[in-house]
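I sat down with this chain today and looked up a few things, one at a time. Here are my notes.

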Amino acid sequence: MGVIDDFSYIQRPKVPRLSSIPDDPLAAPKGRDDAPAGGLATPALRSALGRFATGVTIVTCVDAASGRRVGLTANSFSALSLEPPLVLWSLRRSSPSLAPFEAASHFAVNVLAETQVELSRRFARPPSDAPGFGKFDEGLWSAGLGGAPVLAGCAAVFECVRQAVHDGGDHRLFIGRVLRLADLAIAPLVFQGGHYHMLGEVL
Ligand SMILES: Cc1cc2nc3c(=O)[nH]c(=O)nc-3n(C[C@H](O)[C@H](O)[C@H](O)COP(=O)(O)O)c2cc1C
């Protein structure tokens with residue numbers, strides 16, 4: 001896969017310490033590194049999990065309390081069921097986005113194209129009111145089902161009604177029933193080993 005990030009394969013150490021890499025989605029908040037995870041060292045768990053290549057999504061909803069748009073970069077997205085059509089993703093419990101997502105009737109999963117890497121970085125940061133730094137200050141957004149923001153130019157979009165929310169350790173697991181989808185022949189963005197990639201050759 002072609003790397004579209006700050007480090008090339010050659011520059012990267014053989015076993016990168018993912019928590020030191022800016023794009024690491026599993027990076028612990030400062031001062032909480034190295035806590036044992038059920039007998040496993042957390043950095044080892046992070047490193048092994050980072051071997052798994054995923055797509056990248058921006059999951060969105062509307063905050064019912066304020067009417068504001070909410071969204072974050074998430075690679076925990078996965079298919080769950082075809083009949084009925086269910087998908088899932090998980091959200092860190094400490095996220096400021098948790099309350100809005102738990103209250104929202106709908107969410108949208110925007111599967112990013114490889115050209116949308118900067119949007120992925122923008123939505124992987126905490127919310128900001130500073131001019132130009134708001135998450136929705138970039139990209140062409142429209143209101144989808146239940147008001148959940150839908151991004152133009154994505155590889156795919158799944159608009160969902162929330163079906164269930166479950167506990168999952170330090171995350172909450174959201175299950176949605178897909179009501180509407182878009183599927184475009186656009187190359188998706190890939191995330192692996194703490195870096196963004198472009199899709200490689202078909203084997
Ligand atoms: C590639 C990538 C994937 C991520 N996946 C998730 C995820 O699935 N769930 C999650 O809670 N955070 C995930 N994150 C981290 C969030 O995007 C980040 O914590 C963001 O600040 C959350 O937004 P919030 O602060 O508004 O809650 C990911 C980050 C990156 C770079």
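My entries start with the whole chain and then go strand by strand.

**Entry 1: the whole chain.** First thing to jot down: this is a predicted model. I looked up the secondary structure and got three helices and 15 strands. Then I checked burial: 29% of the 203 residues count as buried. I also wanted to know how far apart in sequence the contacting residues are. Among contacts with a separation of 6 or more, 65% are between residues 24 or more positions apart.

**Entry 2: β7 and β8.** Next I picked strand β7, residues 78-81, and strand β8, residues 86-92. How do the two run, parallel or antiparallel? They run antiparallel, and three bridges join them. I looked for one pair to point at and found Ser81, whose bridge partner in β8 is Leu86. The link from β7 to β8 is a hairpin, with four residues as the connection.

**Entry 3: the other partner of β8.** I stayed on β8 and found that it also pairs with strand β13, residues 171-183. Here I noted seven bridges, again with an antiparallel run. For an example on screen, I used Ser90 of the chain, which stands opposite Leu173 in β13.

**Entry 4: the loop after β13.** Moving along, I stopped at Ala185, which sits in the loop between β13 and β14. Is Ala185 buried or exposed? It counts as exposed, because it has just 5 C-beta neighbours inside 10 Å, and the cut-off for exposed is 12 or fewer. I also looked up its distance to Cys154: the C-alpha atoms are 9.4 Å apart, while the two residues are 31 apart in sequence.

**Entry 5: β14 and its two partners.** The loop led me to β14, residues 189-192. Which strand pairs with β14 over two bridges? I found β4, residues 54-55, and the pairing is antiparallel. In that pairing, Gly55 stands opposite Val190. Then I looked at β15, residues 195-198, which is joined to β14 by four bridges and is antiparallel to it. My example pair there is Phe191 opposite Tyr196.

**Entry 6: the turn between β14 and β15.** Last lookup of the day. How many residues lie between the strands in the hairpin of β14 and β15? I found two. I checked Gly193 in this hairpin too, and its phi is positive, near 60 degrees.

Conventions
Residues numbered from 1 in each chain as written. Predicted model: local features only at pLDDT ≥ 70, side-chain atom pairs only at ≥ 80, totals over all residues. Buried ≥ 20, exposed ≤ 12 C-beta atoms within 10 Å, placed from the backbone. Contact = placed C-beta atoms within 7 Å. Pairing = 2+ DSSP bridges.
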